[in-house]
Each structure stands twice: as structure tokens, then as C-alpha cells.
Amino acid sequence: MIRDPQTLDALVDAVERFVRERLVPAEAAVAETDEIPDELVREMKALGLFGLTVPEAYGGLGVTMEEEVMVMLAMGQTSPCFRSLFGTTVGIGSQGILLDGTEAQKKKYLPRLATGELIASFALTEPGAGSDAASLRTTAIRDGDHYVVNGTKRFITNAPHAGIFTLMARTDPANKGAGGVSAFIVEAGTPGLSIGKRDKKMGQRGAHTADVIFENCRVPASQLIGGKEGQGFKTAMKVLEKGRIHIAAICVGVAERMLRDALDYAVEREQFGQRIAEFQLVQAMLADSKAEIYAARSMVIDAARKRDEGLDVSTEASCCKLFASEMCGRVADRAVQIFGGAGYIADYGIERFYRDVRLFRLYEGTSQIQQIVIARNMVREATQ
Ligand code: COS
């Protein structure tokens, strides 16, 4: 759903301009230094990017899913590390509060998330609990008007920058399944919470992940999301469902960028006395990429519209994440192929995208998890 096309066009235009004029020229330096300059972060805040999904009543832009997709298609036209900096705040880090938080929790945190003053992270994954998220072992045991949290969370995006963590922990150790898990808002700086060293990653330099370690960390009971125990796994699943459409939109945007770069190269580079774009084997790679991007783009917009209509989009969200992330990987591979030897050389930039996009098939649910979600839903519907 697009509420006001003119307002959305102005926002998308502003993001496109910011990407073109400020982020694209900074890509190589950010990859080199592993840091996004403070000035660019300030500009992201001024554009309202941290508050995209926070309702207007709490100081954000309150975009619909379809509007969010449009902004992410524009944001995808540059290194994905830039999106990552505000992505956890507009997405998985804040949505638990938005979807299931109490009014007091929303009032306390959403306005500061909207301005970018606070960055939110999502702490679900653990060393022993990745795809099998319900097996998480971090505990939060009630002690008076606090919970005492112990455990380690792994690969937590933006952990070194976060002001708050949406934490999933087991409040009922006797219940080893999803029903024993609760969600909390934990403030950075709470005694007993520490951040591990930054992970060295394959790509997406400029985006930082680390362990988050809880050692007898006392969290006020008022930080239990929604004030109800045992709801945390469902909160996490709802958050991830929305996040999968968001990531799929980014996959489409980045694929468009890589294809544009590959096409630019193909119409310039000459071999055997003509542009390589004239060769049909190169054209096949261009055409397959174009068609797959179009398919993924159409899927993402359709799923976003259905979600805005209030429909159950569990299957559609996983279809989008599965298809768009795998498509993005294929486009990256073809783009490197079109660049030939230059595709392997850092100066041309395409090898960086090739490494960056590999993450899309892994995080917020691997491709195999998306297949499981889709197939389970199909079987459930067929046997109801
Ligand atoms: N919305 C609301 N509730 C949901 C839901 C959704 N999208 N998906 C599942 N639930 C609910 C189920 O209805 C079930 O509730 P009941 O017990 O009341 O029926 C509960 O959550 C447990 O669901 P389920 O039985 O399907 O859990 P499983 O342990 O079998 O796990 C998968 C399901 C594998 C899909 C889940 O663990 C998963 O998504 N894993 C990947 C995690 C991930 O994406 N990690 C990325 C890290 S964060 S970047």
C-alpha cells in the first residue's frame, strides 16, 4: 500500500540521490577502512532512514511494507553495508517492540530509535542455535523484579553500536522448546552485558557483527516484551517474517546494481574486434539476469502489498527471501563472469559485491530454512 505517491516519490528520490552522490563514491573507502564515516551516518539520520518503520506517532515515517520495499530497492543500489547500519533498527531490532511491546515500551524506545539516537540489534542466534532457533540456551531466570540473564549470542549485527538489544532467552528452563522462550529489551551498558571482538567476515566490510555475552546480567522485569513470558519465539518469527521481505528487496536492488555495472562493462569492453555485449553468450547472461531480477522484484512488491492488506504472508515472505537471495547470487556470479579477469580484481568493485551478497543466502534464515517454511505451510494447508 502506498499512502501518498508524491510523498513516497520525494523520499525515494532523496534516497536515490544520497546513494548516487554520497554512498557510491564512498564504497571503496568503506571497504578499505571497515568504517562508515560519521558524516554519512549523520546524513542517514537526517534523511529519516533510522525511523522509516517507526509509526509517525512515535516520531518516525511509519512507512507501509510496500513503501519500505520501494526505499530498499533504492538503498540496494550500493554496498549492502550501508543498509545494514540502519537495517537492524528499522527491522529485526525494533519490530519486536512494535509488534508485541507494551505502550510504555513503545513510548520509551521508539522515538529514540526513530532519530537514530539508539541503534537496535536482534539477539537470537547462539553458538549452538542457528537454524534451530527454538533450541536456544541463553537463560533469563526471574529473581524478584528482575531477570538474571546468562548466555552468549553470536553474529549479532550492529552489536558494537547498539543501544538496545531485542533478546530472546529461555525463561522456563523446563520447557526446551519454543514455548519456553521470552523476548526482552536489554539496554547496552547493563552490568553483565559485554560485546565480543568484531567478527572478521567474508564481505560487507563497514557492517559489524560480534558476540553479545550475558553474565549474571540483571534485566528489569519491565523489559519483558509485552509483559508476557513464553511469547518470545513467536515474536522472533513474526519479526523475521517481515525481515525476509525487506532483505529480498535489498537483494533485488543490489542485483540491479551489479547487472548495470556488468552491462556498462560489456558495452565498453571489446574483444575479437567488437563489444563483448554483442556476443550472444554474454547476452544470455545479461538476459537471464534481467528476467530473474524482474521476477524477484514482482514477487517482493506482491508480498509487501499482501502484508499491507493484513494477509498471512509466511509463505510469500520465505518465497521472496529464497528466490531473491539465490537470484542475487546468480547475478553476482554472472557479473563477475562478464567482467572476466577484471571481475577478480578489487579495483573493479564487482568482486566486492560478489562477496557481500553471499550473506543474503545465509542470514535471517538460510535458503534451506525458507524451503522448510514454504513446504511446511504447503503440507499444513493440504492436510487441514
Ligand atoms: N508468525 C507467528 N508465529 C509463528 C511463526 C510466524 N511466522 N512461525 C512460527 N510461529 C509459531 C508457531 O505457530 C508455533 O506456535 P505454537 O507452538 O503455538 O503452534 C511456534 O512459533 C513454534 O513454531 P515451529 O513449531 O514452527 O518451530 P520450529 O522449532 O519447528 O522452527 C523454524 C521453525 C525452523 C522455521 C525456525 O526455527 C526458523 O525460522 N529458524 C531460522 C531462524 C533464523 O532465521 N535465524 C536467523 C537469525 S536472525 S538474523
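This section describes the ligand site, the second largest pocket and the internal cavities of a predicted model.

The ligand is surrounded by 19 residues, and the closest of these are S131, K234, E241, R244 and R376. Three polar contacts illustrate how the protein meets the ligand. A nitrogen atom of the ligand is placed 2.7 Å from a polar side-chain atom of E241. An oxygen atom of the ligand lies 2.8 Å from a polar side-chain atom of R376, and a polar backbone atom of G365 is found 3.0 Å from an oxygen atom of the ligand. The protein buries 65% of the 1000 Å² that the ligand exposes when taken alone. Two or more residues of the shell around the ligand come from each of α8 and α12 (367-383). The largest share belongs to α8, which provides seven residues of the shell. By residue class, the shell around the ligand comprises nine nonpolar, four polar and six charged residues. Because domain 2 (120-232) and domain 3 (234-383) both contribute residues to this shell, the ligand lies between the two domains.

Helix α8 also takes part in the second largest pocket, where α1 (5-23), α4 (65-75) and α8 each supply at least two lining residues. The space in this pocket amounts to about 230 Å³. Its lining is formed by V12, E16, V19, R20, V24, M70, L73, A74, Q77, R257, R260 and R297. The greatest contribution is that of α1, with four residues. Six of the lining residues are nonpolar, one is polar and five are charged. The second largest pocket lies between domain 1 (5-115) and domain 3 (234-383), because both domains give residues to its lining.

Enclosed space was examined next. Rolling a probe the size of a water molecule over the atoms shows where empty space is left. Two cavities of 30 Å³ or more are present in the structure. The largest cavity has a volume of about 60 Å³ and is lined by E27, V30, A31, S79, P80, C81, Q204, R205, R352 and D356. The elements contributing two or more residues to this lining are α2 (27-33), α5 (80-90) and α11 (350-356). Of the lining of the largest cavity, α2 supplies the largest share, three residues. Four nonpolar, two polar and four charged residues make up this lining.

The second largest cavity holds about 40 Å³ of space. The residues that line the second largest cavity are R83, G87, T88, G91, I92, G243, H246 and E364. Two or more of these residues come from each of α5 and α8, and the largest share, three residues, is given by α5. The composition of the lining of the second largest cavity is one nonpolar, five polar and two charged residues. Domain 1 (5-115) and domain 3 (234-383) each provide at least three residues of this lining.

Taken by element, α8 recurs across these sites. Helix α8 gives the largest share of the shell around the ligand, supplies at least two residues of the lining of the second largest pocket, and contributes two or more residues to the lining of the second largest cavity. Helix α5, in turn, gives two or more residues to the lining of the largest cavity and the largest share of the lining of the second largest cavity.

How values were computed
Residues are numbered from 1 along each chain as its sequence is written. This is a predicted model: local features need pLDDT of at least 70, side-chain atom pairs count only at pLDDT 80 or more; totals for chains, interfaces and linings use all residues. Side-chain values use heavy atoms; hydrogens and water are left out. On a 1 Å grid over the protein atoms alone, a cavity is a set of points where a 1.4 Å probe fits but cannot get out, and a pocket is an open set with protein on both sides within 12 Å along at least five of seven lines; lining residues have an atom within 4 Å of a point. Grid points are joined across faces, edges and corners, and a volume is the space filled by probe spheres set on the points. Ala, Val, Leu, Ile, Met, Phe, Trp, Tyr, Cys and Pro count as nonpolar, Asp, Glu, Lys and Arg as charged, and the others, Gly among them, as polar. Domain bounds come from an automatic or database domain assignment. A residue is near a molecule or strand if one of its heavy atoms lies within 4 Å of it. A polar contact is a pair of N or O atoms within 3.5 Å; within protein, one must be able to donate a hydrogen and the other to accept it, and residues adjacent in sequence count only if both atoms are side-chain atoms. Accessible areas come from the Shrake-Rupley method with a 1.4 Å probe; for residues, only the protein chains shown count as cover.
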